[in-house]
Amino acid sequence: MSFDYDLFVIGGGSGGVRAARVAAGDTGAKVALAEEDRYGGTCVIRGCVPKKLMVFASEYADMVEDAKSYGWSIAPGRFDWTAFRGKLEAELDRLEGIYRNLLKNAGVESFDQRARLVDPHTVELADGSRKTARHILLATGGRPVKPDMPGAELGITSNDIFHLPELPKSILIVGGGYIASEFAGILNGLGVAVTQFYRGAQILRGFDNEARGLVSEEMRQRGIDLHLGTNILEMARDGDGIRVKATNGTERLFDQVMFATGRAPNADDMGLEALGVERGRKGEVVVDEYSQTAVPSIHAIGDVTDRVNLTPVAIREGMAFVETVFKGNPTPVDHELIPTAIFTQPEMGTVGLSEEDAAEQEPIEVYSTSFKPMQQSFAGRADRVLMKLVVSKATRKVLGCHIVAPGAGEMIQLAGVAVKMGATKEDFDRTVAVHPTMSEEIVTMKAPVRSA
Ligand SMILES: Cc1cc2nc3c(=O)[nH]c(=O)nc-3n(C[C@H](O)[C@H](O)[C@H](O)COP(=O)(O)OP(=O)(O)OC[C@H]3O[C@@H](n4cnc5c(N)ncnc54)[C@H](O)[C@@H]3O)c2cc1C
């Protein structure tokens, strides 16, 4: 049977672009890709990249303050959102251009349209044209969802935050995940009065309790009005603002409300069910360890499969797909011990098991230290950082490493190599400290603070 293409990729985000260009560039496969919005996808256009640039922007206010403590005569200026947003948009245009060129240079044919499936080898584009392919790869990512409540349409999501015509004076952020908590820090740093509601007992559910406890304490200390165990009861337009009644009995007016209450996979209205592609409880596309769906010619990678929703993971899944299907080298995706950073202020870096999860699994020792770092302490700040190792009593292996500190994302990338290699606590101990740094504490913790 002959096809128009060897591979048709639906979705030009992190995973889709990588899979398409490696399949075409490395194996000479005839590849097409459809993207309904902007190339680069969530990470480049409305996720990691613009978010991190906003984190950088938001950190300058503190830096100016601290510089004075270091002897600089310097006065805080005014943050110009319009100027920043213009530069941000230009940068995203530049990056989108790079993604388009990567595809073009690899020989991938691009269609700037929505695509759906008609049969196991046929894709239908929005203009009604149909294309056949030996393999189809779903890389359609996910989208933010607002809660089902009266007035929810008044709120914005992380997709909208980069396009605001002006920064609000006050904002209520609803949610306790990493996106909610990161934007609470960003907007607080940019001078917005931030209130955060989270219905659970502590933000950053699933991460190490001690680490997320410190992040939440520090966020409050920096001025974020964080309310745990709290949700919106009702919201309604009131003049230029939004009046919010909360489950804690308060009623307040905010300029904006942002929901960061969850994301859903983009797998609806794509013809999947009719073909027998299985979907899970959240609507995600169910795949095996090789990213193959229940229909052999259809694979899926990235957020649409809701495995570990991070850019480097989507990219790896894309590479493993090409290795398996186009290079004849079956490669399962390794989802173990993925280091990751939460760009809250302070930042958190983490790899492996939390103390709580590790203790459920086996007897452990916990090494942990919390202290005031030199740079901030000299500037008169009360900031604290945390360095923590969770160690198996039986094997001495480091099961989890958790860092809350400025630059924790950079630190955990490197600590992640050691943990992934199976380093023991003694391997950490015999590594000489780099002095004076914050991270030297990770190799100088002598006695466990507790066992469990
Ligand atoms: C605010 C925010 C911050 C984030 N920060 C980080 C971070 O710091 N680090 C990190 O690792 N990850 C981060 N992420 C997660 C990361 O962005 C995603 O894990 C990653 O983008 C997933 O890549 P993907 O290829 O699966 O999908 P996406 O990048 O979402 O790409 C999917 C693409 O498919 C397109 N599409 C969907 N349906 C169709 C269709 N039917 N036809 C044609 N095109 C279609 C979409 O327009 C989109 O461009 C963040 C996400 C958000 C929202």
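## How exposed is a residue?

Buried means under 20% relative accessible area, exposed means over 50%, and partly exposed is in between, using a 1.4 Å probe and protein chains only. Arginine 450, with a relative accessible area of 34%, is therefore partly exposed.

A quick word on the model: it is predicted, so local features need pLDDT of at least 70 and side-chain atom pairs count only at pLDDT 80 or more, while totals for chains, interfaces and linings use all residues. Residues are numbered from 1 along each chain as its sequence is written, and side-chain values use heavy atoms, leaving out hydrogens and water.

## Arginine 450 and its partners

Let's stick with arginine 450. It makes a salt bridge with glutamate 210, where the closest N and O atoms are 3.0 Å apart. (A salt bridge is a side-chain nitrogen of Lys or Arg within 4 Å of a carboxyl oxygen of Asp or Glu.) Glutamate 210 sits in helix 7 (residues 209-221) and arginine 450 in strand 22, so this pair ties together parts that are 240 residues apart in sequence. Helices (H or I, at least four residues) and strands (E, at least two) are DSSP runs, numbered from the N terminus.

Glutamate 210 is partly exposed too, at 28%. Both residues belong to a salt-bridge network that also links Asp208, Glu355 and Lys388. Across the whole structure, a search finds 34 salt bridges.

## The sheet around strand 22

Where does strand 22 fit in? Six strands make an open, antiparallel sheet in the order 17-18-21-20-19-22. Strand 17 (340-342) and strand 22 (450-451) are its edges, each pairing on one side only. Two strands count as paired if DSSP finds at least two bridges between them. Strand 22 pairs with strand 19 (residues 364-371) over two bridges, and valine 366 stands opposite arginine 450.

## A salt bridge inside one helix

Now for a pair in helix 3: glutamate 65 and lysine 68 are three residues apart there, about one turn of the helix. Their side chains meet in a salt bridge at 3.4 Å, N to O. Glutamate 65 is partly exposed at 35%, and so is lysine 68 at 38%.

## Threonine 140, tucked away

Threonine 140 is in the loop between strand 6 (130-138) and strand 7 (142-144). It counts as buried because its relative accessibility is 18%. Leaving out residues up to four places away in sequence, threonine 140 touches Ile10, Asn266, Met270 and Val304, where contact means heavy atoms within 4.5 Å.
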